[in-house]
Amino acid sequence: MNHIPATHAKNRFGELLETVHREPIGITKKGRTVAVILSVSDYEHILSKTHVGIKPPAVDGILNWIDRHTPSSRPLSEQDYHQHLNDKHS
C-alpha cells in the first residue's frame with residue numbers, strides 16, 4: 001500500500017479517487033498513517049468476510065477494547081475478540 005500526505009490527498013482528491021481503484025492508499029499526517037482510503041469493491045470484500053449480522057467496529061473501537069480487555073499475561077485471541085463482538089451485537 002502506498003502512502004501520501006494529507007495535504008497531497010486534499011489537493012489532488014480526484015487523482016486519489018482514481019488511484020484507490022488499483023490499491024488502497026494510506027493517508028499520513030506528520031509522518032503517521034491516520035486513514036486508509038479504499039475502493040467500494042475492496043470495502044465490500046472486507047464486509048463479506050465479517051460474521052453475518054455483525055457490523056465491523058471502527059478501528060479505534062477495536063484498539064480501545066483490546067487495551068481494556070487484554071490480560072497482561074497473554075495476548076488477545078481471535079476467539080476472545082469474536083466473543084466480544086457476539087456479546088456486543090446480540
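Begin with the whole chain in view: among its contacts between residues at least 6 apart in sequence, 22% join residues at least 24 apart. Keep in mind as you look around that this is a predicted model.

**Stop 1: the whole chain**

Colour the chain by secondary structure. You should find five helices and three strands. Starting from the N terminus, the elements follow the order β-α-α-β-β-α-α-α. Now switch on the surface. The protein chain exposes about 7,100 Å², and carbon and sulfur atoms supply 54% of that area. Of its 90 residues, 17% count as buried.

**Stop 2: the sheet**

Next, select the three strands. They form an open sheet with the order 1-2-3 and mixed pairing. Which strands stand at the edges? They are strand 1 (2–5) and strand 3 (32–37); each has a single partner strand, so one side of each is left without a neighbour in the sheet. Turn the view a little and compare the strand directions: neighbouring strands of this sheet are turned by 35° against each other on average, direction ignored.

As general background, strands of a sheet pair through backbone hydrogen bonds, either parallel or antiparallel.

Stay with strands 2 and 3 for a moment. These two run antiparallel, and five bridges join them. To see one pairing up close, pick G26 and look across to strand 3, where its bridge partner is V36.

**Stop 3: I25**

Now select I25, which lies in strand 2 (residues 25–29). Is I25 buried or exposed? Its relative accessibility is 3%, and because buried means under 20%, I25 counts as buried.

Show the neighbours of I25 to see what surrounds this residue. Leaving aside residues up to four places away in sequence, I25 touches M1, N2, I4, L16, T19, V20, A35, V36 and I37. V36 is a residue you have already met, as the bridge partner of G26. Try a distance label between the C-alpha atoms of I25 and N2: they are 5.4 Å apart in space, while the two residues are 23 apart in sequence.

**Stop 4: K30**

For the last selection, move along to K30. Where is K30 placed? This residue is in the loop between strand 2 and strand 3. With a relative accessible area of 86%, K30 is exposed, whereas I25 is buried. Check the backbone here too: phi of K30 is near 55°, a positive value in a residue other than glycine.

Note on methods:
Residues are numbered from 1 along each chain as its sequence is written. This is a predicted model: local features need pLDDT of at least 70, side-chain atom pairs count only at pLDDT 80 or more; totals for chains, interfaces and linings use all residues. Side-chain values use heavy atoms; hydrogens and water are left out. Helices (H or I, at least four residues) and strands (E, at least two) are DSSP runs, numbered from the N terminus. Buried means under 20% relative accessible area, exposed over 50%, partly exposed in between (1.4 Å probe, protein chains only). Contact means heavy atoms within 4.5 Å. Two strands pair if DSSP finds at least two bridges between them. Axes are lines fitted to C-alpha atoms, for helices over the stretch in contact, and angles run from 0 to 180 degrees between N-to-C directions. Accessible areas come from the Shrake-Rupley method with a 1.4 Å probe; for residues, only the protein chains shown count as cover.
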